[in-house]
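Student: I would like to go through this structure and ask why each label applies. Can we take it step by step?

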Amino acid sequence: MNGALIPHTPIAVDFWSLRRAGSARLFFLSHMHSDHTVGLSSTWARPLYCSPVTAHLVHRQLQVSKKWIRALEVGESHVLPLDEIGRETMTVTLMDANHCPGSVMFLFEGYFGTILYTGDFRYTPSMLKEPALKLGKQIHTLYLDNTNCNPARVLPSRQEAARQIVELIRKHPQHNIKIGLYNLGKESLLEQLALEFRTWVVLSPQRLELVQLLGLANVFTVEEKAGRIHAVDHMEICRAAMLHWNQTHPTIAILPTSRKIHRSHPDIHIIPYSDHSSFSELQTFVAALKPCQVVPIVSQQPCRDYFQDSLSPGLSIPLIPNSVQQYMNSSSRKPSFLWLLLERRLKRPRTQGVVFDSFQETADQSQPDRDSQKARNENLSGELEKQKPSFLDLSSKEWVGEVPNSESQKMVTVLTAPLSFSMHLRSTDEEFLSLETGEDMGVGPHLVPKGDHAGSAALGNQSTWVGQDSPLSHSSKAAPLLAPKFRGLALKYLLTPVNFFQAQFSCRGFDQQVEKYHKPLLKYRELNAE
């Protein structure tokens, strides 16, 4: 199994055996090749961090619940908690590993120093220009893909290997071409061949779904006889299959790999097209980074002392903070609610809940805004004067409007509260698990009625509503509260005193209690209207 438990940290990468994970609490997946997902299945129940493409694949192919998958954008830095109280955090940055779709390198920064985990990768000079690396920061530990870490193994670049494949196909213009691949990887090679020879590439339905996700050129199909290039599983390339294919049509097979494979048939061609860095590329990469130590990812292929001259001095064992030590020693097999809450808080930009603007703040608006609001209020007041209700009309269709939230670009409804305060509803994606019920809940300041008892708080249009953390002023005018999609029961929620509800109510019970509270009030209004 290719994976690592990073010492003196709660971090595990490509390691999915909880029985042997020990103190690991944060789990990262570099890519979806099977030798990096051993032990990962639909029963997984811990937060799992990966790239968006890998997130899609790990859910579709391994049936891991979306509840536990955390997709982190590539090229961005993300802050994650290292304990359950938020005292210690780390920054993780994902960088393209140039290996297969969704593959990434992880750069971890925290109390332990700076750790770069390459996963499987094919080095390119552009990697050293990544913002997270080009600043010249010291890499303390480099976990290196050492698949080809052998001076005796000389590999061509992928561009050169692709040229060899093109020349081979040109020498067989009347042949069908079978290209043996793993379940994931080398999709860009297939696209290049399709464009070069102006032919469709026949894929399995599963791989077709993947290339559509990647946004490659429209040169792929599942129709068996549509093109002469067929992508098949590498295990299908064998002597028996070659004999069968050549009975119906002349066929050659190509295995684009740097592995040493025995050729069982003369029409099987092995081209050293590799998604792993060559030895010379590894030397260039390590020499540029100058880490304090290099740790091989493939334990069966040690690096020996190949990079000794490129290492920097000064590596020391990090001191584990007490809060992190307690988190690592916790016996819980699943993260606590507080940790999940903290994780979401750190991952997402904070969004305020219900925000009240005082009359003084409103007065500071520009003159055009004040004139527009004044005209709008006059229109609304005129409507209310015509209706003359005894209290707020719960079915009112008047509304102020909707504006986009500048941070999330999602629609946020701006409401006019009973006391001429503007009120912003929270974005719906800021939801957290309820500590008691496990259901999604919004987190933000609560709206509490100010009054001596429930009746006086709800009746009369001069009731004062208090939002936590917000100063309020009094007004005798009441304006319609809600946009059309929020009126009705939602308005009743706002007008129902908190102390009216019973403890431990369910969602259905909540609605029933709201209706129970407002039923006599509605009857009272109807009698007054008569």
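Tutor: Start with handedness: the crossing of α4 and α5 is right-handed. Keep in mind that this is a predicted model.

Student: What makes α4 oblique to α5?

Tutor: The axes of α4 (residues 158–170) and α5 (residues 187–197) cross at roughly 40 degrees. Roughly parallel needs an angle under 35 degrees, and roughly perpendicular covers 65 to 115. The angle of roughly 40 degrees fits neither, so α4 is oblique to α5. The two axes come within 11 Å.

Student: Which residues of α4 and α5 meet?

Tutor: From α4, Ala162, Ile165, Val166, Ile169 and Arg170. From α5, Leu189, Gln192, Leu193, Glu196 and Phe197. By class, that contact has seven nonpolar, one polar and two charged residues.

Student: Which residues of α5 are buried?

Tutor: Glu187, Leu189, Leu190, Glu191, Leu193, Ala194 and Phe197. Just after α5, Arg198 has a positive phi of about 50 degrees.

Student: Where else does a positive phi follow a helix, and what is its value?

Tutor: Just after α2, at Gln63, with a phi of about 60 degrees. Within α2 (residues 52–62), Thr54, Ala55, Leu57 and Val58 are buried. The buried residues of α2 pack against β4 (48–50), β5 (69–71) and α6 (205–214).

Student: Now the sheets. What is the strand order of the open sheet with parallel pairing?

Tutor: The order is β13-β12-β14-β11-β15-β16, six strands in total.

Student: Why do β13 and β16 stand at the edges?

Tutor: β13 (220–221) and β16 (268–271) each have a single partner strand, so one side of each is left without a neighbour in the sheet.

Student: How do you know that β12 and β14 pair?

Tutor: Pairing needs at least two bridges. β12 (residues 201–202) and β14 (residues 229–233) are joined by two bridges, and they run parallel. Two bridges meet the cut-off of at least two, and β12 and β14 therefore pair. In β14, His230 is the bridge partner of Val202.

Student: Which helices pack on this sheet, and at what angles to β15?

Tutor: α4 touches β11 (176–181), β15 (251–256) and β16, and its direction makes about 175 degrees with that of β15. α7 (residues 239–248) also touches β11, β15 and β16, and its direction makes about 140 degrees with that of β15. The cut-off for roughly antiparallel is over 145 degrees. At about 175 degrees, α4 is therefore roughly antiparallel to β15. At about 140 degrees, α7 is therefore oblique to β15.

Student: What is the order of the open sheet with mixed pairing?

Tutor: β6-β7-β8-β9-β10-β17, again six strands. β6 (77–81) and β17 (293–296) are the edge strands, each pairing on one side only. From one strand to the next, the twist averages 20 degrees.

Student: How many bridges join β6 and β7, and in which sense?

Tutor: Five bridges, in the antiparallel sense. One of the bridge pairs links Pro81 to Thr89 in β7.

Student: Why is β8 called largely enclosed?

Tutor: Five of the seven residues of β8 (residues 104–110) are buried, so the rest of the structure largely encloses this strand.

Student: What are the pairings of β8 on its two sides?

Tutor: Six bridges join β7 (residues 89–96) to β8, running antiparallel. Val92 stands opposite Phe108 in β8. Five bridges join β8 to β9 (residues 113–117), also antiparallel. Gly110 has Gly113 in β9 as its bridge partner. β8 and β9 form a hairpin with two residues between them.

Student: Which helix lies across β9, β10 and β17?

Tutor: α8 (residues 279–289), running at about 165 degrees to β10 (141–144). The cut-off for roughly antiparallel is over 145 degrees. At about 165 degrees, α8 is therefore roughly antiparallel to β10.

Student: Why does Ser312 count as buried?

Tutor: Buried means under 20% relative accessible area. Ser312 is at 14%, so Ser312 counts as buried. Ser312 sits in the loop between β17 and α9 (322–329).

Student: What does Ser312 touch, leaving out residues up to four places away in sequence?

Tutor: Gln138, Lys290, Pro291 and Cys292. The C-alpha atoms of Ser312 and Leu289 are separated by 9.3 Å, and the two residues are 23 residues apart along the chain.

Methods
Residues are numbered from 1 along each chain as its sequence is written. This is a predicted model: local features need pLDDT of at least 70, side-chain atom pairs count only at pLDDT 80 or more; totals for chains, interfaces and linings use all residues. Side-chain values use heavy atoms; hydrogens and water are left out. Axes are lines fitted to C-alpha atoms, for helices over the stretch in contact, and angles run from 0 to 180 degrees between N-to-C directions. Helices (H or I, at least four residues) and strands (E, at least two) are DSSP runs, numbered from the N terminus. A crossing is left-handed if the near helix is turned anticlockwise from the far one by less than a right angle, and right-handed if clockwise. Contact means heavy atoms within 4.5 Å. Ala, Val, Leu, Ile, Met, Phe, Trp, Tyr, Cys and Pro count as nonpolar, Asp, Glu, Lys and Arg as charged, and the others, Gly among them, as polar. Buried means under 20% relative accessible area, exposed over 50%, partly exposed in between (1.4 Å probe, protein chains only).
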